[in-house]
Amino acid sequence: MTFKPFGEMTANEYAAIGFKSGLEIHQQILTSKKLFCRCPAGLYSNAFNAEILRHMRPTLSELGEYDGTALMEFKTKKEIIYQIHHATVCTYEMDETPPFELNDEALDIAIKIGLLYGCTMVDEIHIARKQYLDGSIPTGFQRTTIVGVDGSLPYRNRHIGVVQLGLEEDACREVSDVGHRRTYLTDRLGMPLVETVTAPEMRTPHEVAEVAEILRKLVRSTGNVRTGPGAARQDVNVSVAGGTRIEIKGVPRIPDIPRLTHQEAMRQYNLLKLREELHLRGITQDTLESKTEDVTRLLLKTRFQPIQTAIAQGHRAQCVLLRGFKGLLRWQTQTDTYFSREISDRVRVIACLTTLPNIVHSDSPSETLASAEWQILKRSVGASGGDTIVIVWGPGQDDKTGAAEVLIRAREATIGIPSETRQALRDGTNGFERILPGPNRMYPDTDLPPRAISEGHRSQIKATLPRPYWEIETWYHEIGVPADVVTPLALSPFAGLFETAVKEWHISPTLAAVLLIQLPKRVHKNLRRNIHFSVETMKDILLAHKDGILPRGGFFPALLDVAAGNAFSRESLPGRCSIDELGAIITQTAIEVSTMALHNPVQAATVHMGAVMNKVRRRIEGSIVAQAMNYTSREAQP
Ligand SMILES: [Zn+2]
């Protein structure tokens with residue numbers, strides 16, 4: 001069968017290929033300081049006062065073995081630049097001083113989230129080091145700790161397991177990665193985040209996104225997590241029957257998840273078919289025949305621009321013969337994506353040949369080398385009709401590293417799906433990122449002693465847990481909260497205030513929801529900046545309304561006043577308009593309207609009403625004005 005396009009596969013068809021997926025969600029938590037030092041958290045800026053250059057070299061891990069990632073990073077020979085600003089980084093992040101004590105505020109938030117998942121919580125916090133060899137953490141490891149294990153989330157009519165909840169440091173922000181140089185900004189480095197790992201229990205791409213959404217809302221309902229771009233990042237792992245658990249790293253948006261996981265399932269399915277085809281052709285890991293030759297001298301006169309330019313700069317070109325591979329580099333892996341890209345990706349990342357195209361091959365000869373050149377190259381390496389040749393070029397040793405990588409990836413195709421992490425691309429497909437780290441990636445950190453968490457402390461935190469947001473949403477629907485504000489309100493810091501306003505002060509649910517969610521949005525839009533309205537301010541406004549001194553028409557002006565920097569106070573309100581005063585205003589306004597030259601005299605009543613409301617909006621309810629004017633106008637009729 002060919003793998004159906006996204007959107008056309010049924011749940012049964014995903015079950016038939018053995019689709020399985022789990023999530024690892026990294027969520028920044030809202031603390032004022034970083035996790036292991038006292039630098040401020042959440043202060044982002046592209047400015048920097050200094051740059052530090054480091055060469056990453058893998059060392060024997062404490063267990064005495066190199067793992068795949070270490071070897072890969074060794075091959076890439078990257079130079080790492082850290083851009084640092086004194087306001088956001090101290091000597092701890094740059095590995096010049098040992099860690100300070102674990103941030104209490106961060107630990108309490110992590111415990112709260114663990115309790116929310118119903119995890120079994122640890123009695124003692126042990127810090128571990130997780131190896132990070134890509135340079136995104138200058139020390140080469142991340143400090144991390146497990147806070148709880150074995151929780152669960154209700155999902156439709158079943159439960160999704162939460163394998164563990166960890167508390168850890170965030171890594172640097174990557175600025176660029178070109179050739180052998182990678183640059184990082186360090187402001188985010190060391191900020192606390194929680195990592196939620198679910199069991200691989202999602203069975204369709206759609207389910208993965210739904211569960212990610214539940215997790216997002218649940219942690220947000222604590223009011224203790226950061227929001228905005230980059231504050232939550234999903235790693236999604238996917239496998240199909242016979243395939244390999246592949247991690248797609250750093251998916252920024254939940255709506256991207258279904259297409260990405262579908263594409264990864266398709267890739268694994270098609271790579272398994274490719275292995276079948278290779279075996280049918282008699283090509284296995286042991287029988288694969290290949291040959292690599294420097295072909296620079298054969299391409300000196302080529303008119304194919306990328307190679308011509310490279311050779312003019314002194315770069316060299318290698319030709320890799322893959323015996324019996326004819327047509328297979330055009331084997332489809334993902335939508336509009338072929339096996340050749342698996343190879344090109346490896347060459348790009350591992351040989352640092354980042355300018356594309358970085359390979360050309362004889363399965364797709366058009367618009368690259370001239371056909372006479374292909375003939376010369378094939379003859380030179382002894383390729384016959386059933387073979388494929390791949391050309392790779394680059395400076396220094398990169399052409400050789402690249403050629404070796406072409407062969408490594410071709411050989412892996414005879415075995416199955418290589419273990420690696422992959423990155424989400426904009427078109428919904430994914431590309432190679434790194435070889436998957438080995439199991440020996442974690443080891444104990446001896447800089448900090450274990451830290452006990454008492455039962456009493458846990459109970460204290462348990463008392464602050466929010467009600468599950470899905471229960472709150474059900475209640476909102478029942479009492480008629482407008483559908484578009486249900487979720488934002490349930491996840492906002494105003495959820496508690498809303499409940500009090502409705503249950504105890506008997507304020508209309510719609511009115512309270514409009515004040516708490518819609519009007520602040522309107523203020524942001526009008527002023528084009530984000531204004532923080534505190535729970536206290538909103539409470540005072542609602543109470544003023546309950547006591548009859550602030551009509552609903554006064555809400556928006558009151559918020560604008562707060563946005564202008566004034567504290568909300570009852571004393572500064574214009575005071576309630578009495579019925580007598582209202583009558584006088586209506587009469588006075590009628591005179592003003594009668595002197596106007598109205599385009600359409602039929603609208604005189606509407607104009608009159610509008611003019612009165614302009615005068616009294618902040619002082620009395622519109623419904624009372626309407627009633628009074630109706631009465632007045634009826635009285636005036638003959
Ligand atoms: Zn610091």
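What follows is a short exchange about a predicted model.

Biologist: What makes these residues donors of the zinc ion?

Modeller: Cys 37 (SG), Cys 39 (SG), Cys 90 (SG) and Glu 93, through two OE entries, coordinate the zinc ion at 2.2 to 2.6 Å. The cut-off for a donor is within 2.8 Å of the metal, so these atoms count.

Biologist: How are the donor residues spaced in sequence?

Modeller: The spacing is C-x1-C-x50-C-x2-E. Cys 39 lies in the loop between strand E1 (20-28) and strand E2 (50-55), and Glu 93 in the loop between strand E3 (79-84) and helix H3 (104-116). The two are 54 residues apart, and the pair links distant parts of the chain. Both Cys 39 and Glu 93 are buried.

Biologist: Why is Cys 90 called partly exposed?

Modeller: Its relative accessible area is 24%. Partly exposed lies between the buried limit, under 20%, and the exposed limit, over 50%, so Cys 90 is partly exposed.

Biologist: Why does Cys 119 count as buried?

Modeller: Cys 119 has 9% relative accessibility. Buried means under 20%, so Cys 119 is buried.

Biologist: How many disulfides are there?

Modeller: The count is 0, with a disulfide taken as two cysteine sulfur atoms within 2.5 Å.

Biologist: Why is H5 called roughly perpendicular to H9?

Modeller: The axes of helix H5 (residues 257-280) and helix H9 (residues 398-415) cross at roughly 90° and come within 7 Å. Angles of 65 to 115 degrees count as roughly perpendicular, so H5 is roughly perpendicular to H9. Among the residues making the contact are Leu 271 and Arg 275 of H5 and Arg 409 and Ile 415 of H9. The contact residues divide into 5 nonpolar, 2 polar and 2 charged.

Terms used. Residues are numbered from 1 along each chain as its sequence is written. This is a predicted model: local features need pLDDT of at least 70, side-chain atom pairs count only at pLDDT 80 or more; totals for chains, interfaces and linings use all residues. Side-chain values use heavy atoms; hydrogens and water are left out. Axes are lines fitted to C-alpha atoms, for helices over the stretch in contact, and angles run from 0 to 180 degrees between N-to-C directions. Helices (H or I, at least four residues) and strands (E, at least two) are DSSP runs, numbered from the N terminus. Angles under 35 degrees count as roughly parallel, over 145 as roughly antiparallel, 65 to 115 as roughly perpendicular and the rest as oblique. Contact means heavy atoms within 4.5 Å. Ala, Val, Leu, Ile, Met, Phe, Trp, Tyr, Cys and Pro count as nonpolar, Asp, Glu, Lys and Arg as charged, and the others, Gly among them, as polar. Donors are N, O and S atoms within 2.8 Å of the metal (3.2 Å for Na, K and Ca); water is not among the atoms, so sites may look incomplete. Buried means under 20% relative accessible area, exposed over 50%, partly exposed in between (1.4 Å probe, protein chains only).
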